[in-house]
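Let's take a friendly walk through this structure, one region at a time. Keep the sequence and the 3D view open as you read.

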Amino acid sequence: MNDFKLIKVERIEKNGAKELIIQNPTTLKLIGEGSQGAVFQLDDDLCVKIYVNPNAATKEGRALEAAKDTHIVPRLYEVGPNYVIMEYLKGPNLRDYLKKTKDIPESFTEQIIMIRKELKRAGFIRIKTSIGHFVVTEGNVLKAIDHSDGLTMNDPYNPKMFRDLKKLGLLDTFLEQAKKIDPESYEDWRKNINFNVI
């Protein structure tokens, strides 16, 4: 029984913390979960994200549609009342990748800068891009996931990505590379993000 529509996802508050409750009567594999919902693999090429709030499914669908020509987000296939079917990206997330390698290749820094610029060009006003929301696909090509607030929440300098890199001890390397690759982006971040307190 693999009808993903039977899966229920809800968020409850327990001891002051939000917790995701997933009821999955199917044999579909859970491949990710976060504050918005849970992602299940449908087959080798497709996955479905089931959202706690149906409004988030609509917003994610719009965001993926807006960025479809950039090739930096998963391909969108269907938006339902509380779900989005999209391309299944094979590969580790960037956080796990960097934890293993303990180094950030310059090509990744270059791609991160390009992805952030492409998202802005596509009309995104929230550029969240935490390193857990990049997937390292075949050929070390980065793709960005989790964009439900991309077009609706104004947050162009969300520091989460920089905080993640700092925790891994890679922020200085990333910023040095960024300064060389794209001085304009580097200066923009330096003016708008306090790297000492992230």
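## An exposed turn

Asparagine 15 is exposed, because its relative accessible area is 81% and the cut-off for that label is over 50%. Please keep in mind as you look around that this is a predicted model. You will find asparagine 15 in the loop between β1 and β2. Its backbone deserves a look too: the phi of asparagine 15 is near 50 degrees, a positive value in a residue other than glycine. Most residues other than glycine have a negative phi.

The strands on either side of this loop form a hairpin, with two residues between them. β1 covers residues 8-14 and β2 covers residues 17-23, and the two pair in the antiparallel sense over seven bridges. To follow the pairing on screen, start at lysine 8, which stands opposite glutamine 23 in β2. Then move to isoleucine 12, whose bridge partner in β2 is glutamate 19.

## The five-stranded sheet

Now turn to the open sheet, where five strands are arranged in the order β3-β4-β5-β7-β6 with antiparallel pairing. Which strands stand at the edges? They are β3 and β6 (76-79), and each has a single partner strand, so one side of each is left without a neighbour in the sheet. From one strand to the next, the twist averages 25 degrees.

Zoom in on β6 and β7 to see one of the pairings in detail. These two strands are antiparallel and are joined over three bridges. Valine 79 is a handy marker here, as its bridge partner in β7 is valine 84. When you look along a strand, remember a general point: in a regular strand the side chains alternate between the two faces of the sheet.

## The largest pocket

How much volume does the largest pocket have? The value is about 990 Å³. The largest pocket is lined by 44 residues, and those closest to its centre are Val39, Lys49, His133, Ile145 and Asp146. The lining divides into 18 nonpolar, 15 polar and 11 charged residues.

Several elements contribute to this lining. At least two residues each come from β3 (29-33), β4 (37-41), β5 (46-51), α1 (54-66) and β7 (83-87). The largest share, four residues, is supplied by α1.

Aspartate 146 is worth selecting on its own. This residue, one of those closest to the centre of the largest pocket, sits in the loop between β9 (141-144) and α4. Aspartate 146 also has a positive phi, of about 70 degrees, although it is not a glycine.

## Aromatic pairs

Six aromatic pairs are counted in the model. A pair of aromatic rings is described by the distance of the centres and the angle of the planes. Take phenylalanine 162 and phenylalanine 195: their ring centres are 5.3 Å apart and their planes meet at 70 degrees, an edge-to-face pair. Phenylalanine 162 belongs to helix α4 (residues 160-167), while phenylalanine 195 lies in the segment after α6 (183-192), so the pair ties together parts that are 33 residues apart in sequence. Are these rings buried or exposed? Phenylalanine 162 is buried, with a relative accessible area of 0%, and phenylalanine 195 also counts as buried, at 15%; the cut-off for buried is under 20%.

A second pair is made by phenylalanine 174 and tryptophan 189, and this one is stacked, with 5.7 Å centre to centre and 20 degrees between the planes. It links distant parts of the chain, with phenylalanine 174 in helix α5 (residues 171-181) and tryptophan 189 in helix α6, 15 residues apart. Phenylalanine 174 is buried at 0% relative accessibility, and tryptophan 189 is buried at 4%. Phe162, Phe174, Trp189 and Phe195 form one aromatic cluster.

## A residue in α5

Leucine 175 is also part of helix α5. With a relative accessibility of 11%, leucine 175 counts as buried. For a sense of scale, try a distance check from leucine 175 to glycine 32: the two are 143 residues apart in sequence and 29 Å apart in space, C-alpha to C-alpha.

Methods
Residues are numbered from 1 along each chain as its sequence is written. This is a predicted model: local features need pLDDT of at least 70, side-chain atom pairs count only at pLDDT 80 or more; totals for chains, interfaces and linings use all residues. Side-chain values use heavy atoms; hydrogens and water are left out. On a 1 Å grid over the protein atoms alone, a cavity is a set of points where a 1.4 Å probe fits but cannot get out, and a pocket is an open set with protein on both sides within 12 Å along at least five of seven lines; lining residues have an atom within 4 Å of a point. Grid points are joined across faces, edges and corners, and a volume is the space filled by probe spheres set on the points. Ala, Val, Leu, Ile, Met, Phe, Trp, Tyr, Cys and Pro count as nonpolar, Asp, Glu, Lys and Arg as charged, and the others, Gly among them, as polar. Two strands pair if DSSP finds at least two bridges between them. Axes are lines fitted to C-alpha atoms, for helices over the stretch in contact, and angles run from 0 to 180 degrees between N-to-C directions. Rings of Phe, Tyr and Trp (its six-membered ring) pair if their centres lie within 6.5 Å; planes under 30 degrees apart count as stacked, over 60 as edge-to-face and the rest as tilted. Buried means under 20% relative accessible area, exposed over 50%, partly exposed in between (1.4 Å probe, protein chains only).
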